[in-house]
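Hi,

Here's the model I promised to pass on. Have a look at it first, and then read my notes underneath.

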Amino acid sequence: MVIVESLLSPLQRADLEMEALTLEPIAAIQVLIPTSTRRLNVALVDRGAGTSDIAITADGTISAYGMAPSAGDEITEAISDEY
C-alpha cells in the first residue's frame with residue numbers, strides 16, 4: 001500500500017487523478033510479448049537491481065505474475081565477493 005500511496009501523492013499535488021494502475025510484470029509482458037506469441041506459454045523475467053519481475057503466459061493469456069526479491073545487486077555482490 002505504501003508504494004501506491006507514493007504514486008498517488010505527486011498526482012494529487014498536480015491536481016491529477018489516476019485512471020488505472022497496472023503492475024510492472026503485466027505491463028512489461030503486454031508491451032514485449034505479442035498476443036499471438038503468448039499461446040506458446042512463455043515466461044518474461046525482468047531482472048532489475050533490487051527485484052525481479054516475472055510474468056507467465058498460458059493458453060494465450062497472462063496466467064501468473066509476481067516479484068522476487070532476488071536481483072542484479074545480489075548477483076553483482078556475489079561476483080564481487082568471488083573475484
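Ser 52 sits across from Ala 68 of strand β3. That pair belongs to the antiparallel match between β2 (residues 52-58) and β3 (residues 61-68), which are joined by seven bridges. Do keep in mind as you read that this is a predicted model.

Further along the two strands, Thr 57 has Ile 62 in β3 as its bridge partner. β2 and β3 make a hairpin with two residues between them. One residue to click on there is Asp 59 in the turn, which has a positive phi of about 55 degrees.

β2 also pairs with β1 (residues 43-47): five bridges join them, and again the strands run antiparallel. If you want a pair to look at, Asp 46 is opposite Asp 53 in β2. β1 and β2 form a hairpin too, with four residues between them.

Now for the helices. Ile 3 is part of helix α1, which covers residues 2-13. Is Ile 3 buried or exposed? Its relative accessibility is 62%, and the cut-off for exposed is over 50%, so Ile 3 counts as exposed. Ile 3 also belongs to a nonpolar patch on the surface, together with Leu 7, Met 18 and Leu 21. Between them, those four residues have about 360 Å² of accessible area.

Ile 3 turns up once more in the largest pocket. That pocket has a volume of about 300 Å³, and 13 residues line it. Which of them lie nearest its centre? They are Ile 3, Leu 23, Glu 24, Pro 25 and Met 67. As for the elements, α1, α2 (24-32) and β3 each give two or more residues to the lining.

Last one: Ala 14, which you'll find in the loop between α1 and α2. With a relative accessible area of 46%, Ala 14 falls between the 20% and 50% cut-offs, so it is partly exposed. I also checked Ala 14 against Ala 68, the residue opposite Ser 52. The two alanines are 54 residues apart along the chain, and their C-alpha atoms are separated by 32 Å.

Cheers

Technical notes
Residues are numbered from 1 along each chain as its sequence is written. This is a predicted model: local features need pLDDT of at least 70, side-chain atom pairs count only at pLDDT 80 or more; totals for chains, interfaces and linings use all residues. Side-chain values use heavy atoms; hydrogens and water are left out. Patches are made of residues with over 30% relative accessible area and no salt bridge: like charges are joined within 9 Å, nonpolar side chains (Val, Leu, Ile, Met, Phe, Trp, Tyr) within 5 Å. Accessible areas come from the Shrake-Rupley method with a 1.4 Å probe; for residues, only the protein chains shown count as cover. A salt bridge is a side-chain nitrogen of Lys or Arg within 4 Å of a carboxyl oxygen of Asp or Glu. Buried means under 20% relative accessible area, exposed over 50%, partly exposed in between (1.4 Å probe, protein chains only). Two strands pair if DSSP finds at least two bridges between them. On a 1 Å grid over the protein atoms alone, a cavity is a set of points where a 1.4 Å probe fits but cannot get out, and a pocket is an open set with protein on both sides within 12 Å along at least five of seven lines; lining residues have an atom within 4 Å of a point. Grid points are joined across faces, edges and corners, and a volume is the space filled by probe spheres set on the points.
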